[in-house]
Amino acid sequence: MAVEELVIEQMGSRHLDEVLAIERKSYSTPWSVLSFKNEIYNPYSIALVAMLGGAVAGYIIASYRLGEGHILNVTVHPGHTRKKIGTYLLDLVMDMLRQRQCTVIYLEVRASNLGARRLYERLGFREVGRRKFYYADPFEDAVLMTLDL
Ligand SMILES: CC(C)(COP(=O)(O)OP(=O)(O)OC[C@H]1O[C@@H](n2cnc3c(N)ncnc32)[C@H](O)[C@@H]1OP(=O)(O)O)[C@@H](O)C(=O)NCCC(=O)NCCS
(Lines give C-alpha, C1' and ligand atoms only; values in the text may rest on other atoms or scores of the structure.)
Protein backbone atom coordinates (compact mmCIF):
# COMPACT_ATOMS: atom_id res chain seq x y z
CA MET A 1 0.00 0.00 0.00
CA ALA A 2 1.20 3.53 -0.79
CA VAL A 3 -0.06 6.47 1.24
CA GLU A 4 -1.19 8.00 -2.09
CA GLU A 5 -3.95 5.37 -2.07
CA LEU A 6 -5.45 6.91 1.07
CA VAL A 7 -8.50 9.10 0.67
CA ILE A 8 -8.85 11.62 3.48
CA GLU A 9 -12.38 12.58 4.48
CA GLN A 10 -13.84 14.71 7.21
CA MET A 11 -15.19 12.34 9.86
CA GLY A 12 -18.98 12.18 9.86
CA SER A 13 -21.75 10.07 11.39
CA ARG A 14 -21.50 7.65 8.46
CA HIS A 15 -18.00 6.61 9.57
CA LEU A 16 -18.80 6.03 13.22
CA ASP A 17 -19.68 2.32 13.14
CA GLU A 18 -16.30 1.49 11.62
CA VAL A 19 -14.45 4.02 13.77
CA LEU A 20 -16.00 2.60 16.95
CA ALA A 21 -15.09 -0.96 15.93
CA ILE A 22 -11.44 0.07 15.43
CA GLU A 23 -11.50 2.09 18.66
CA ARG A 24 -12.73 -0.92 20.66
CA LYS A 25 -10.04 -3.17 19.20
CA SER A 26 -7.34 -0.61 19.97
CA TYR A 27 -7.97 0.62 23.55
CA SER A 28 -8.97 -0.80 26.94
CA THR A 29 -11.02 2.37 27.54
CA PRO A 30 -12.34 3.26 24.08
CA TRP A 31 -14.02 6.58 23.31
CA SER A 32 -17.82 6.47 23.23
CA VAL A 33 -19.93 7.46 20.26
CA LEU A 34 -20.77 10.67 22.13
CA SER A 35 -17.08 11.56 22.50
CA PHE A 36 -16.67 11.28 18.73
CA LYS A 37 -19.84 13.24 18.02
CA ASN A 38 -18.72 16.04 20.35
CA GLU A 39 -15.55 16.44 18.27
CA ILE A 40 -17.23 16.03 14.87
CA TYR A 41 -19.53 18.95 15.67
CA ASN A 42 -16.99 21.09 17.55
CA PRO A 43 -15.95 24.05 15.36
CA TYR A 44 -12.53 24.05 17.06
CA SER A 45 -11.83 20.40 16.28
CA ILE A 46 -10.36 18.61 13.30
CA ALA A 47 -11.68 15.06 12.79
CA LEU A 48 -10.44 13.12 9.78
CA VAL A 49 -10.59 9.55 8.54
CA ALA A 50 -8.16 7.88 6.16
CA MET A 51 -10.08 5.60 3.81
CA LEU A 52 -8.46 2.67 2.03
CA GLY A 53 -10.47 0.80 -0.58
CA GLY A 54 -13.68 2.29 0.81
CA ALA A 55 -13.05 1.26 4.42
CA VAL A 56 -11.75 3.26 7.39
CA ALA A 57 -8.05 2.51 7.85
CA GLY A 58 -7.34 5.17 10.47
CA TYR A 59 -8.52 8.40 12.02
CA ILE A 60 -7.29 11.43 13.90
CA ILE A 61 -8.91 14.01 16.15
CA ALA A 62 -7.31 17.26 17.25
CA SER A 63 -8.63 20.43 18.83
CA TYR A 64 -7.18 23.92 18.91
CA ARG A 65 -7.67 27.07 20.92
CA LEU A 66 -5.64 30.25 21.41
CA GLY A 67 -2.70 29.08 19.34
CA GLU A 68 -2.43 25.65 20.97
CA GLY A 69 -3.23 22.39 19.23
CA HIS A 70 -4.04 19.19 21.11
CA ILE A 71 -3.94 15.75 19.50
CA LEU A 72 -6.80 13.89 21.16
CA ASN A 73 -6.87 10.60 19.28
CA VAL A 74 -4.86 8.95 16.52
CA THR A 75 -5.64 5.36 15.70
CA VAL A 76 -4.85 3.01 12.83
CA HIS A 77 -6.81 -0.17 12.09
CA PRO A 78 -4.82 -3.08 13.63
CA GLY A 79 -4.63 -4.69 10.18
CA HIS A 80 -2.99 -1.61 8.68
CA THR A 81 -0.33 -0.57 11.18
CA ARG A 82 3.31 0.15 10.19
CA LYS A 83 2.27 1.42 6.76
CA LYS A 84 2.84 5.09 7.68
CA ILE A 85 -0.87 5.87 7.94
CA GLY A 86 -0.36 7.32 11.45
CA THR A 87 2.55 9.44 10.19
CA TYR A 88 0.46 10.68 7.27
CA LEU A 89 -2.48 11.68 9.47
CA LEU A 90 -0.25 13.44 11.99
CA ASP A 91 1.66 15.32 9.26
CA LEU A 92 -1.62 16.46 7.78
CA VAL A 93 -3.02 17.66 11.09
CA MET A 94 0.25 19.41 11.97
CA ASP A 95 -0.12 21.42 8.72
CA MET A 96 -3.77 22.18 9.43
CA LEU A 97 -2.99 23.38 12.96
CA ARG A 98 -0.20 25.58 11.60
CA GLN A 99 -2.72 27.10 9.16
CA ARG A 100 -4.97 27.79 12.15
CA GLN A 101 -2.19 29.86 13.76
CA CYS A 102 -1.10 27.25 16.29
CA THR A 103 2.46 27.63 17.50
CA VAL A 104 2.58 24.51 19.68
CA ILE A 105 0.95 21.09 19.71
CA TYR A 106 0.70 18.84 22.72
CA LEU A 107 -0.51 15.31 23.35
CA GLU A 108 -0.60 12.64 26.04
CA VAL A 109 0.44 9.05 25.51
CA ARG A 110 0.50 6.02 27.83
CA ALA A 111 3.99 5.62 29.25
CA SER A 112 4.06 1.96 28.13
CA ASN A 113 2.98 2.77 24.55
CA LEU A 114 6.51 2.75 23.20
CA GLY A 115 5.40 2.39 19.56
CA ALA A 116 3.30 5.56 19.66
CA ARG A 117 6.01 7.42 21.59
CA ARG A 118 8.53 6.45 18.91
CA LEU A 119 6.15 7.65 16.19
CA TYR A 120 5.70 11.05 17.89
CA GLU A 121 9.44 11.41 18.49
CA ARG A 122 10.13 10.76 14.82
CA LEU A 123 7.79 13.64 14.03
CA GLY A 124 9.68 15.97 16.37
CA PHE A 125 7.62 15.73 19.57
CA ARG A 126 9.60 15.88 22.80
CA GLU A 127 8.70 14.64 26.28
CA VAL A 128 8.11 17.59 28.59
CA GLY A 129 6.45 15.98 31.61
CA ARG A 130 4.19 13.33 33.07
CA ARG A 131 0.59 13.31 34.22
CA LYS A 132 0.28 10.92 37.14
CA PHE A 133 -2.35 8.14 36.86
CA TYR A 134 -3.89 9.83 33.82
CA TYR A 135 -5.15 6.54 32.39
CA ALA A 136 -7.30 3.78 33.88
CA ASP A 137 -7.51 0.08 33.07
CA PRO A 138 -4.67 -0.33 33.90
CA PHE A 139 -3.83 2.85 35.82
CA GLU A 140 -0.82 4.43 34.25
CA ASP A 141 0.95 7.77 33.85
CA ALA A 142 0.68 9.78 30.68
CA VAL A 143 3.80 11.13 29.05
CA LEU A 144 3.13 14.72 27.95
CA MET A 145 4.78 15.57 24.65
CA THR A 146 4.94 18.84 22.73
CA LEU A 147 6.06 20.08 19.36
CA ASP A 148 6.81 23.72 18.51
CA LEU A 149 5.46 24.51 15.07
C1 LIG B 1 0.35 4.09 17.33
C2 LIG B 1 -0.28 3.98 15.93
C3 LIG B 1 -1.24 5.17 15.72
C4 LIG B 1 0.85 4.05 14.89
O5 LIG B 1 0.28 4.13 13.59
P6 LIG B 1 1.04 3.48 12.34
O7 LIG B 1 0.33 3.89 11.11
O8 LIG B 1 1.23 2.04 12.56
O9 LIG B 1 2.48 4.21 12.44
P10 LIG B 1 3.51 4.45 11.26
O11 LIG B 1 3.48 3.33 10.28
O12 LIG B 1 3.29 5.82 10.70
O13 LIG B 1 4.88 4.40 12.08
C14 LIG B 1 5.93 5.33 11.87
C15 LIG B 1 7.09 4.96 12.78
O16 LIG B 1 6.70 5.06 14.16
C17 LIG B 1 7.31 3.99 14.91
N18 LIG B 1 6.31 3.00 15.32
C19 LIG B 1 4.99 2.98 15.03
N20 LIG B 1 4.38 1.94 15.62
C21 LIG B 1 5.35 1.27 16.30
C22 LIG B 1 5.35 0.10 17.11
N23 LIG B 1 4.22 -0.60 17.36
N24 LIG B 1 6.52 -0.28 17.66
C25 LIG B 1 7.66 0.41 17.45
N26 LIG B 1 7.72 1.53 16.68
C27 LIG B 1 6.58 1.96 16.11
C28 LIG B 1 8.29 3.34 13.96
O29 LIG B 1 9.49 4.07 14.05
C30 LIG B 1 7.61 3.54 12.63
O31 LIG B 1 8.47 3.47 11.54
P32 LIG B 1 8.88 2.03 10.92
O33 LIG B 1 7.61 1.24 10.74
O34 LIG B 1 9.56 2.40 9.62
O35 LIG B 1 9.79 1.38 11.92
C36 LIG B 1 -1.02 2.62 15.74
O37 LIG B 1 -0.14 1.57 16.06
C38 LIG B 1 -2.25 2.49 16.60
O39 LIG B 1 -3.35 2.91 16.22
N40 LIG B 1 -2.09 1.89 17.81
C41 LIG B 1 -3.20 1.68 18.72
C42 LIG B 1 -3.76 2.98 19.22
C43 LIG B 1 -2.70 3.88 19.83
O44 LIG B 1 -1.87 3.44 20.62
N45 LIG B 1 -2.77 5.19 19.47
C46 LIG B 1 -1.90 6.20 20.02
C47 LIG B 1 -2.47 6.67 21.31
S48 LIG B 1 -1.54 8.00 22.02
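Which residue in strand 5 is the bridge partner of isoleucine 71? I will start there and work outwards. Bear in mind that this is a predicted model.

The partner is leucine 107. Strand 5 covers residues 104-110, and four bridges join it to strand 4. These two strands run parallel. As a general point, strands of a sheet pair through backbone hydrogen bonds, and the pairing can be parallel or antiparallel.

Now the whole sheet. There are seven strands in it, in the order 1-2-3-4-5-7-6. The sheet is open, and the pairing is mixed. At the edges you find strand 1, residues 7-10, and strand 6, residues 126-135. Each of these has a single partner strand, so one side of each has no neighbour in the sheet. On average, neighbouring strands are turned by 25° against each other, ignoring direction.

Next, what packs on this sheet? Helix 1, residues 16-26, does. Helix 1 touches strand 2 (45-52), strand 3 (55-65) and strand 4. The direction of helix 1 makes about 85° with that of strand 3.

Last, the ligand. How many residues surround it? The count is 18, and the closest are Thr81, Gly86, Thr87, Gly115 and Leu119. Three elements give two or more residues to this shell: strand 4 (68-76), helix 3 (85-99) and helix 4 (114-122). Helix 4 supplies the largest share, five residues. Sorted by class, the shell holds six nonpolar, seven polar and five charged residues.

To tie the two parts together: strand 4 is joined to strand 5 by four bridges, is touched by helix 1, and also gives residues to the shell around the ligand.

Key: Residues numbered from 1 in each chain as written. Predicted model: local features only at pLDDT ≥ 70, side-chain atom pairs only at ≥ 80, totals over all residues. Near = placed C-beta within 6 Å. Nonpolar A, V, L, I, M, F, W, Y, C, P; charged D, E, K, R; others polar. Pairing = 2+ DSSP bridges. Axes fitted to C-alpha atoms, helices over the stretch in contact; angles between N-to-C directions. Contact = placed C-beta atoms within 7 Å.
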